[in-house]
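The exercises below are to be worked with the sequence and the coordinates side by side. Each one sets a task and is followed by a solution in steps.

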Amino acid sequence: MGSSLFLMISEFRTKGVEMNNTYKNTVTLCRNPDLKSTNSGKLISTCTVFYNQKAKADKDGSTLCFIEVEAWEKTGEELAKLNKGDIIEISGDLIQRRWKDTENRNQMKFLINVRSFTKKGQTDKPAEYPY
């Protein structure tokens, strides 16, 4: 994960992450978003997306980069209306989550907290895309 994480972060830096961690990119949904409600009643929608990175291809020739996105409240409700294969332009914040798993090991992941998005279209063959 180390080298691919470095490539992903490098890609964020070259694809529009400004000094305030605002991330802008055009991505494709890997699966239909999940819409849930927190214990306090706030809505959150989550989904995995991918985009083609311009960095050197992996050893298997792949140039796809995957990352989880989340959207809250009204934006989350709108994101939940989308489907696997939809292409969207997102604007949001690159954030890092840290926690301890059930075996008390440190865990970490990066994700995008989507503040806004615009639907750009849909892939011709979404079933052929990962996930």
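## Exercise 1: cysteines

Searching the whole structure gives 0 disulfides, a disulfide being a pair of cysteine sulfur atoms within 2.5 Å. This is a predicted model, in which local features need pLDDT of at least 70 and side-chain atom pairs count only at pLDDT 80 or more, while totals for chains, interfaces and linings use all residues. Residues are numbered from 1 along each chain as its sequence is written, and side-chain values use heavy atoms, with hydrogens and water left out.

Task: determine which cysteine sulfur is nearest to that of Cys47, and whether Cys47 is buried or exposed.

Solution. The nearest cysteine sulfur belongs to Cys30 and is 6.7 Å away, and Cys47 is in no disulfide. Cys47 has a relative accessible area of 0% and is therefore buried, a class that means under 20% relative accessible area, with exposed meaning over 50% and partly exposed lying in between (1.4 Å probe, protein chains only). Cys65, at 6%, is likewise buried.

## Exercise 2: Asp86

Task: place Asp86 in its strand and describe its surroundings.

Solution. Begin with the strand: Asp86 is found in S5, which covers residues 86–100, where strands (E, at least two residues) are DSSP runs numbered from the N terminus. Next, consider exposure: because its relative accessible area is 1%, Asp86 counts as buried. Then list the contacts (heavy atoms within 4.5 Å): not counting residues up to four places away in sequence, Asp86 touches Val27, Thr28, Leu29, Lys119, Gly121 and Gln122. Finally, a polar atom of the Asp86 side chain lies 2.8 Å from the backbone nitrogen of Asn83.

## Exercise 3: two further positions

Task: contrast Gly92 with Arg105 by location and by exposure, buried or partly exposed.

Solution. Gly92 has its place in strand S5, and its relative accessible area of 0% makes it buried. The C-alpha atom of Gly92 is separated by 5.3 Å from that of Asn113, although the two residues are 21 residues apart along the chain. Arg105, by contrast, is found in the loop between S5 and S6 and is partly exposed, with a relative accessible area of 47%. Leaving aside neighbours within four places in sequence, Arg105 is in contact with Trp99 and Lys100. The side chain of Arg105 also makes a polar contact with that of Glu103, at 3.2 Å; such a contact is a pair of N or O atoms within 3.5 Å, and within protein one must be able to donate a hydrogen and the other to accept it, with residues adjacent in sequence counting only if both atoms are side-chain atoms.

Notes: Helices (H or I, at least four residues) and strands (E, at least two) are DSSP runs, numbered from the N terminus.
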